[in-house]
Amino acid sequence: MQDEAYMKLALELARKGMGQVNPNPLVGAIIVRDETIIGQGWHPFYGGPHAERHALASCQESVAGATLYVTLEPCCHTGKTPPCTDAILESGIRRVVIGSADPNPLVAGCGVQQLRQHGIQVTEGVLKQECDQLNDVFLHFIQAQTPYVVMKYAMTLDGKMATSTGLSKWITGAKARKRVHEDRHRYAAIMVGVGTVLADDPLLTCRLPNGKNPIRIICDTHLKTPLASQVVKTTDQAKTMIATACSDLSRHQHYQERGCDILMIPKRNNGLDLPALMRQLGSQNMDSVLLEGGSSLNASALEAGIVHKVQAYIAPKIFGGVAAVSPIGGNGIQDPHYAYQLTVPTITQLGNDILLESEVITCSQE
């Protein structure tokens, strides 16, 4: 097998850590000797063994002279675990093949340098694009210290996310909805506006067996979230944070007594200062947010420059109606020249529906 083939196997292993390692990266590792895989591992959970050590521990025979394939540059500093470079050097591995460079200032090329200084052959950049894409959240968060924001919405072929009466269940089918819950498991938090809470009273949890519930963030400028809403009543199931500009501490207390956290965020125009909210979430080690907002919050998030990826689930249906809501509200762009620019989308078929995913090119976090 070629280097690319082994790296693909390492990428498959890395994905096993989804939803468990935040804010650490997803990493997979394969150990090969004489064209035979003798060890494999991945980063299983935050604070747990790194992929390289996991792979080394799985070996039932000597790894002397073997090649290690790892999706991210091995760490060379002590964090919650000892440096992986030490374990590699002690093992007798002869060659290390790396997918992504690690932008963490504590690593950033030092891992590769340390290996080479001790005579290990290092090959970099194998399936780099795929390895970088796997860790888009980590690569952003480790450098910006603000969450990677994925704006998700479902719409019909005529661009409607609800009928003119406000009904939206269900636009997409079961396979598409399952994918949404996989992302709720993957990302650290889910964010909606108070309008969504008032209209739908959602639970905002992950419905997958053994799935991890995301932290729930409600953008509620004037603190109108009903105390009887599901997100307030179920704080024992999932952490709930309400971001608000309301400074009345007596009103805060009603939510805090029910287990909610209150985040005081300054106002910006008629809503919250979303970049300030992202900075506060980042300071709490929150690396990613799945934005499942309504059209108003979606528009505000784009205007504030906090969105990094757009997920558009499209169903082969037509609602019609001038009053039917589209995914992005607000005043919109006045001149097509200034439209938000996105990368060429990846396309995934999910039953009768399709998912388009694009990175936001013109995102500029404030």
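This dialogue explains how to read several features of the structure above.

Reader: What kind of model is this, and how are residues numbered?

Author: This is a predicted model, in which local features need pLDDT of at least 70, side-chain atom pairs count only at pLDDT 80 or more, and totals for chains, interfaces and linings use all residues. Residues are numbered from 1 along each chain as its sequence is written, and side-chain values use heavy atoms, with hydrogens and water left out.

Reader: How many salt bridges does a search of the whole structure find?

Author: Side chains of opposite charge can pair when their charged atoms come close. Here a salt bridge is a side-chain nitrogen of Lys or Arg within 4 Å of a carboxyl oxygen of Asp or Glu. The search of the whole structure finds 12 salt bridges. One of them joins the side chains of E61 and R33, at 2.3 Å from N to O. This pair links distant parts of the chain, with R33 in strand β1 (residues 28-33) and E61 in the loop between α2 (51-58) and β3 (67-72), 28 residues apart. Helices (H or I, at least four residues) and strands (E, at least two) are DSSP runs, numbered from the N terminus.

Reader: Which salt bridge lies in helix α7?

Author: An α-helix has 3.6 residues a turn, so residues three or four places apart point the same way. K178 forms a salt bridge with E182, the closest N and O atoms being 2.7 Å apart. Both residues lie in helix α7, 4 residues apart, about one turn of the helix.

Reader: Is D136 buried or exposed?

Author: Buried means under 20% relative accessible area, exposed over 50%, and partly exposed in between (1.4 Å probe, protein chains only). D136 is buried, with a relative accessible area of 11%. Its side chain meets that of K309 in a salt bridge (3.3 Å, N to O). The two residues are 173 residues apart, D136 being in helix α6 and K309 in strand β14. K309 also counts as buried, at 8% relative accessibility.

Reader: Why is helix α6 described as largely enclosed by the rest of the structure?

Author: Helix α6 (residues 136-144) is so described because 7 of its 9 residues are buried. Among them are F138, L139 and F141. After α6 comes Q145, whose phi is positive, near 60°.

Reader: Which residues is D183 in contact with?

Author: Contact means heavy atoms within 4.5 Å. D183 is found in helix α7 (residues 174-186) and is buried, with a relative accessible area of 5%. Apart from neighbours within four places in sequence, D183 is in contact with L290, Q311 and Y313. With the side chain of Q311, the side chain of D183 makes a polar contact of 3.0 Å. A polar contact is a pair of N or O atoms within 3.5 Å; within protein, one must be able to donate a hydrogen and the other to accept it, and residues adjacent in sequence count only if both atoms are side-chain atoms.

Reader: Why does C75 form no disulfide with C84?

Author: A disulfide is a covalent bond between the sulfur atoms of two cysteines. The rule applied here asks for a pair of cysteine sulfur atoms within 2.5 Å. The closest cysteine sulfur to that of C75 is in C84, 3.7 Å away, which is too far for a bond. C110 is in no disulfide either, as the nearest cysteine sulfur, that of C76, is 5.0 Å away. By this rule the count comes to 0 disulfides.
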